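Good morning, colleagues. Please look at the sequence and the structure on the screen while I take you through a few of the details.

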Amino acid sequence: MEDCIFCGLASGRIECAKVYEDDKAIAFRDINPQAPVHILIVPKKHLVKLHDAKDPLLLGGLMEIASKLAVGEGIAETGYRVVINTGRDAGQSVEHLHVHLLGGRNMKWPPG
Ligand code: AMP
Ligand code: ZN
């Protein structure tokens, strides 16, 4: 989608701090990090909500990328959080499905 920022990042049209890429997904550092490690894992296909992605292989692939990045970033032992904000009540601000990988600090529960 032309006016979607994450489509722009996924296609390389817009620059980002990329940490991973394959044919279906890209991962890059969040521009406004909420933890020492804050990476977004984004499918290249323009999907808006989690329930728009009716593809278990794609969704499982995003989780696998998150877990491998957690190991690579050195936060696997200390712990990390994987978050998908979907829709208004969850605070989704970019209308292109993405998975947050957060770690490197202690986190509270429940989230705000
Ligand atoms: P959400 O609120 O779950 O929709 O998360 C959107 C995230 O995208 C926020 O954490 C933003 O800081 C991040 N973000 C927005 N634009 C960019 C960008 N150009 N590069 C990296 N991260 C971005
Ligand atoms: Zn998009």
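Leaving aside its neighbours within four places in sequence, which residues is Val82 in contact with? Please bear in mind that this is a predicted model. The contacts of Val82 are Met63, Ala66, Val99, His100 and Leu101. Val82 itself lies in strand 4. With a relative accessible area of 33%, Val82 counts as partly exposed, because that class lies between buried, under 20%, and exposed, over 50%. Arg105 stands 23 residues from Val82 along the chain, and 14 Å separate the C-alpha atoms of the two.

Let me turn to helix 2. Helix 2 comprises residues 56-72. At 1.5 Å a residue, its 17 residues should span 24 Å, and the C-alpha atoms at its ends are indeed 24 Å apart, so expectation and model agree. Buried residues in this helix are Leu58, Leu62, Ile65, Ala66, Leu69 and Ala70. These residues cover an arc of only 135 degrees around the axis, which puts them on the same side of helix 2. As a general point, an α-helix has 3.6 residues a turn, so residues three or four places apart point the same way. On the face turned away from the buried side, we find the exposed residues Pro56, Leu57, Lys68 and Val71.

What do the buried residues of helix 2 pack against? They pack against strand 1, strand 2, strand 3, strand 4 and strand 5, the last being residues 99-103.

That brings us to the strands. Strand 1, residues 18-21, runs antiparallel to strand 2, and three bridges join the two. Between them, a hairpin makes the connection through three residues. Tyr20 has Ala27 of strand 2 as its bridge partner. Strand 2 also pairs with strand 3, residues 37-43, in the antiparallel sense, here over five bridges. In this pairing, Phe28 stands opposite Leu40 of strand 3. Strand 2, residues 25-29, is mostly covered, with four of its five residues buried.

Finally, the metal site. Which residues coordinate the zinc ion, ligand 2? The donors are Cys4 and Cys7 through SG, and His46 and His96 through ND1, at 2.0 to 2.3 Å. In sequence, these donor residues follow the spacing C-x2-C-x38-H-x49-H. Cys4 and Cys7 are both buried. Why is the arrangement around the zinc ion tetrahedral? The four donor atoms subtend angles of 106 to 115 degrees, which makes it so. For reference, the ideal angle for four tetrahedral donors is 109.5 degrees.

Conventions: Residues numbered from 1 in each chain as written. Chains lettered and ligands numbered in written order. Predicted model: local features only at pLDDT ≥ 70, side-chain atom pairs only at ≥ 80, totals over all residues. Heavy atoms only, no water. Buried < 20%, exposed > 50% of the residue type's maximum accessible area, 1.4 Å probe, protein only. Pairing = 2+ DSSP bridges. Donors = N, O, S within 2.8 Å, 3.2 Å for Na, K, Ca; no water. Tetrahedral: all angles 85-135°; square planar, octahedral: opposite > 155°, others 65-115°. Expected span 1.5 Å × (residues − 1). Arc of directions from axis to C-beta. Contact = heavy atoms within 4.5 Å.
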